[in-house]
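I opened the model to go through its sheets, its helices and a few side chains. My notes follow in the order I looked things up.

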Amino acid sequence: RMVNDTISDMLTRLRNAYLAKKTVVVLKATRTVKDIAQVLAQEGFLGPIENEANGFFTVTLKRGVKQFERVSTPGVRLYVNHKELPPVLNGMGVAVISTSKGVMTDRKARALGIGGEVLCKIW
């Protein structure tokens with residue numbers, strides 16, 4: 001089946017796996033999804049990206065992630081500058097930002113002084 005919003009698909013798969021108490025999740029291997037997965041792995045939410053084949057890859061869910069929230073959608077994009085970057089749960093969560101320097105966390109984008117598109121929030 002064809003999925004137009006691969007980021008929402010990724011977040012839904014992660015949320016469903018978390019709710020079903022699964023540890024391994026299969027995700028569609030698009031560049032953006034891989035970049036987000038790498039950011040989440042660096043932040044300790046996911047394990048490393050593994051065995052990529054046939055346009056899919058697997059990740060392991062690590063610590064208890066309660067919420068996956070899509071912020072910018074294909075219909076409504078949300079762009080912010082570095083001063084407007086939203087802290088997620090007073091810094092407990094992570095906002096994933098797509099910037100001109102690649103996909104990164106809100107903290108890193110704030111430190112570099114660059115804004116971008118707020119893709120999703122995880123906490």
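I began with strands β2 and β3 (residues 56-60), which pair in the antiparallel sense over two bridges. I looked up one facing pair: Ala53 stands opposite Phe56 in β3. I note here that this is a predicted model.

Next I traced the sheet around them. It is an open sheet of three strands, ordered β1-β3-β2, and the pairing is antiparallel. Which strands stand at the edges? I found β1 (24-28) and β2 (50-53) there. Each has a single partner strand, so one side of each is left without a neighbour in the sheet. I also took the twist: neighbouring strands are turned by 25° against each other on average, direction ignored.

Then I checked the helices. Helix α1 (residues 6-19) packs on this sheet and touches β1 and β3. The direction of α1 makes about 170° with that of β1. Helix α2 (residues 31-42) lies across β1, β2 and β3. I read about 15° for α2 against β3.

I went back to Phe56 for its ring. What sits over it? I found the charged end of Lys28, 5.3 Å from the ring centre. I also searched for aromatic pairs, with ring centres within 6.5 Å as the cut-off. The count came to zero.

I moved on to strand β6 (residues 94-99). Five of its six residues are buried, so I logged the strand as mostly covered, with buried meaning under 20% relative accessible area. I looked up its partners. β6 pairs with strand β7 (residues 102-105) in the antiparallel sense, over four bridges. The two form a hairpin with two residues between them. Within it, Met104 in β7 is the bridge partner of Ile97. β6 also pairs with strand β8 (residues 116-122), again antiparallel, over five bridges. There I found Ser98 opposite Glu117 in β8.

Last, I looked at Arg70, which lies in strand β4 (residues 68-70). Is it buried or exposed? Its relative accessibility is 17%, so Arg70 counts as buried. I listed what is around this side chain. It makes a polar contact with the side chain of Ser8, at 3.4 Å. A polar atom of the Arg70 side chain also lies 3.2 Å from the backbone oxygen of Leu119. Leaving aside neighbours within four places in sequence, I found Arg70 in contact with Asp5, Ile7, Ser8, Leu11, Leu119 and Cys120.

Technical notes
Residues are numbered from 1 along each chain as its sequence is written. This is a predicted model: local features need pLDDT of at least 70, side-chain atom pairs count only at pLDDT 80 or more; totals for chains, interfaces and linings use all residues. Side-chain values use heavy atoms; hydrogens and water are left out. Rings of Phe, Tyr and Trp (its six-membered ring) pair if their centres lie within 6.5 Å; planes under 30 degrees apart count as stacked, over 60 as edge-to-face and the rest as tilted. A charge sits over a ring if NZ of Lys or CZ of Arg is within 6 Å of the ring centre and within 35 degrees of the ring normal. Buried means under 20% relative accessible area, exposed over 50%, partly exposed in between (1.4 Å probe, protein chains only). Two strands pair if DSSP finds at least two bridges between them. Axes are lines fitted to C-alpha atoms, for helices over the stretch in contact, and angles run from 0 to 180 degrees between N-to-C directions. Contact means heavy atoms within 4.5 Å. A polar contact is a pair of N or O atoms within 3.5 Å; within protein, one must be able to donate a hydrogen and the other to accept it, and residues adjacent in sequence count only if both atoms are side-chain atoms.
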